[in-house]
Each structure stands twice: as structure tokens, then as C-alpha cells.
Amino acid sequence: MIPYGRQTVAEEDIDAVVRVLRSERLTQGPEVDGFEHAIAQYCGAGQAVAVSSGTAALHIACLALGLGPGDVGWTVPNTFVASANCIRYCGAEVDFVDIRPEDGNIDPDALAEKLVRAEREGRLPRVLIPVHFGGEPCDLERIASLAERFGFKVIEDACHAFGGRFRDEPIGSGRFSDITVFSFHPIKTIATGEGGAAATNDSRLAARMRGLRTHGITRDPAEMEGEVDGPWHYQQQSLGWNYRLSDIHAALGRSQLKRADAFVCARRDLAARYDRLLGGLEVGVVPRERSPDSACHLYVVSVPGGPARRRAVFERMLAEGIGVNVHYIPVHLQPYYRRLGFGDGDFPGAEGHYRAALTLPLFVSLTEPEQDRVVRALATALSTSGRANKG
Ligand SMILES: *Cc1c(COP(=O)(O)O)cnc(C)c1O
């Protein structure tokens, strides 16, 4: 089976992890510090806070920006459920902004219209979480100018976009947002096993997130309220979680980070090769025009002819040993979100994208012969599934 995504682990990564296992500290030690510095430097951010997952990073980013009960947070439906769930974790309400079909990213015009309506109704969001779908950067410039005009905060869900760029700056530089969140799940640009990070240029937000990842506890006498009882004293000043990353994971991430550029280059080359190989086939490619700055996390095609044909193509490829996938089932159509009042037809852009989407295997160690096999299997699946179920 050719999977749709997988990690690339080298001997040097294994050595880095083994070194930690032989050392004094297994968690919250020098490897976490080193990893955080390396992430901040790589993406041009003032600070990075490493945590146990991308989801944890989204959660503490929302909390650090003050999201809570009575607030509304907005994201897109064409994403993994975590982008919306983090808003619910804070007790806030979720709403969605539709995507544009060209690239699966948030539609800035739909966002602007929805903001005008929300302002009239006194329901402006406190936080917006745009997602760089498949590694293709959102229009951050438009988003930032709307954030300024309507007074909301922006958390980039850059779980697909580590190593990508926008307007000559790395994703994570924070020029157009308050906090940028990354995931280091094995299918993402670099892997720690489980892991994530939040990057920001605001040292107050970074300090808040550092507190929240470890129970809301501080051990710094300068930050304590009242008398310090003694050298053992710590204070819990807010309600936090155990979202720490271990040094074992951080060492893997730190070692992988040295090859992040090479990983992104390899992904871009493979995506460009797919573009050429798929030229004659009856599929569209999302995004229609990939920016040279995409991190190329996913290679998504759209299968014409309706959802039944997409399903037939999917099943035939799976039977051929090709690990295809679908990104994404619109979050608002998940039973949990339907129970909150969302339903079919609410976000036609995301729903239309979902009906046709098919994700082909794309990962650093995918070989050219394997890629050729994927394309042959797709061509066969398309021709044998006909266009019978058009609609
Ligand atoms: C992977 C992913 C997440 C969650 O990251 P985890 O590290 O798995 O918690 C959130 N949002 C998007 C868009 C993702 O792809």
C-alpha cells in the first residue's frame, strides 16, 4: 500500500532521540528549549511555544487571546475538526466562513460580507482561525486588514504550512496575525510523533501560553502574588493543562527541522511532477494555480461527475493499493456540529469541494515509479467509473 502521507526518519533523527534517552532529562529540558528557538528562528517569529499537539497549540492560542463563554470564534468548514473544536474548548460559539473553490482557502469576500452583517447584529468574532489548506497560503493581507477594521484577532492554523511562505516571509513570521499554530504529526512537514507549536511576536501572549501548557503554574518568584514561602514555592495562577512536549519528541523535531527546507522542496517537485503527469486526465487540481510559496502538504484533485463517481474512483484506487484520502468532510456537517444547528447547504463552497475532492499520496520518500503507479491507477479508475452518475 502506498499511503497518502508518511514521515521521513533518518539515522541522525534516531541518534538524536537515543541521546535524550541516555540523558538526565526526558521532558521540558534542553531539547524543548532548543526546539523552540529553532522553530522561532526558522519561521521568523519572536518566540515559539512547543506543546504536545497542534490541537493543544490551537487551544492555548485561543485562551491566550481571551476567547471564552459569550464570545464567538470563526474558522472554515474545509479543515480538520480541531480548528473548530479549540473554540468550543474555550466555551465560545463557533461559526464558519465559506471557502473559495480555487484553492480551498477562506474566501476573503465571504469573510468581509459576513463581518459587515455580524457588526450590524453586534456579533463580531473575537478570533478568526484561517487554515492554509494543503499548505497554500490564505490571503493573509486581506485578512489582516479586515482584522484591523473589525477588531478581531487572527490565529493562523498553519498545520499544513510549516515551511511555506507568504509575501516573501515565512509562514509564522506573525506579520499578518497574532499567533501561528503548527502540528508535527507524522504526516505534516516535520514530525515529532505527536507535537505542535504556537509562534508569536507578542511576549505577553507567549508567556500566557507557557503558563497554560503546564497547569497555569509559575515558579518564577517575580511573577508571584504575595509572599514567596520559600524556594519550593510555585503558584497556580490560572487554569491550565498538561500540554508539555517531551524532550524525546523535541529532539526528533529538532533533528527533522534541519531538513525542513529539503522536505518542502521535495514535496514541491513531486507536486509539479503530478501536475505534468495528470495533464491529460479528466481531473481538476486544487489549488488551480499553486503559489510557489505553498508548503505542498496535500495534493488534492477534484473528480468530475458527482459524489458517486468520486466514491467509485476512491474505492478502485484503494483496491489497487493506493492510499487515497479525502480532505475534508466539512466540519459543520459532523453530527456534533449539526446538533449545534448547522446543516446541509450552509456552506456550499466547502460542500461542493468535498463532493469532488480526492487526495493523492504525497510525501518526501514517494518515488517516481510509485507516483507513476498512482497516476496509472487514477487513469484506470476514471475510465472504468465512466460518467454514469453525473450530477
Ligand atoms: C493536523 C491538523 C491539526 C491538528 O494537529 P494535531 O497535531 O494532530 O493535533 C489541526 N488543524 C489542521 C488543519 C491539521 O491538519
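This passage describes selected local features of a predicted model, namely one helix, one buried loop residue, two cis peptide bonds and two residues with positive phi.

The structure is a predicted model, in which local features need pLDDT of at least 70 and side-chain atom pairs count only at pLDDT 80 or more, whereas totals for chains, interfaces and linings use all residues. Residues are numbered from 1 along each chain as its sequence is written, and side-chain values use heavy atoms, with hydrogens and water left out. Helices (H or I, at least four residues) and strands (E, at least two) are DSSP runs, numbered from the N terminus.

Helix α9 spans residues 260–277 and has 18 residues. The distance from its first C-alpha to its last is 26 Å, close to the 26 Å expected at 1.5 Å a residue; the expected span is 1.5 Å times one less than the number of residues. The buried residues of α9 (buried means under 20% relative accessible area, exposed over 50%, partly exposed in between, with a 1.4 Å probe and protein chains only) are A260, F263, V264, R267, L270, A271, R273 and Y274. An α-helix has 3.6 residues a turn, so residues three or four places apart point the same way. The elements that cover the buried residues of α9 include α2, α8 (247–257), β13, β14 (357–360) and α13 (368–384).

A buried position is also found in a loop. N105 belongs to the loop between β3 (93–96) and α5 (108–120). This residue counts as buried because its relative accessibility is 0%. Contact means heavy atoms within 4.5 Å. Apart from neighbours within four places in sequence, N105 has contacts with I99, R100, V131, H132, F133, E136, P137 and C138.

Two cis peptide bonds were identified in the model. One runs from V286 to P287, with omega near 0 degrees, and P287 is located in the loop between β12 (284–286) and β13 (299–302). The other joins H327 and Y328, where omega is about 0 degrees; Y328 lies in the loop between α10 (307–319) and α11 (335–339).

Positive phi values were found at two residues that are not glycines. Q28, in the loop between α1 (11–21) and α2 (30–43), has a phi of about 50 degrees. Because its relative accessible area is 26%, Q28 is partly exposed. D168, in the loop between β6 (165–166) and β7 (169–170), has a phi of about 70 degrees. D168 counts as exposed, because its relative accessibility is 67%.
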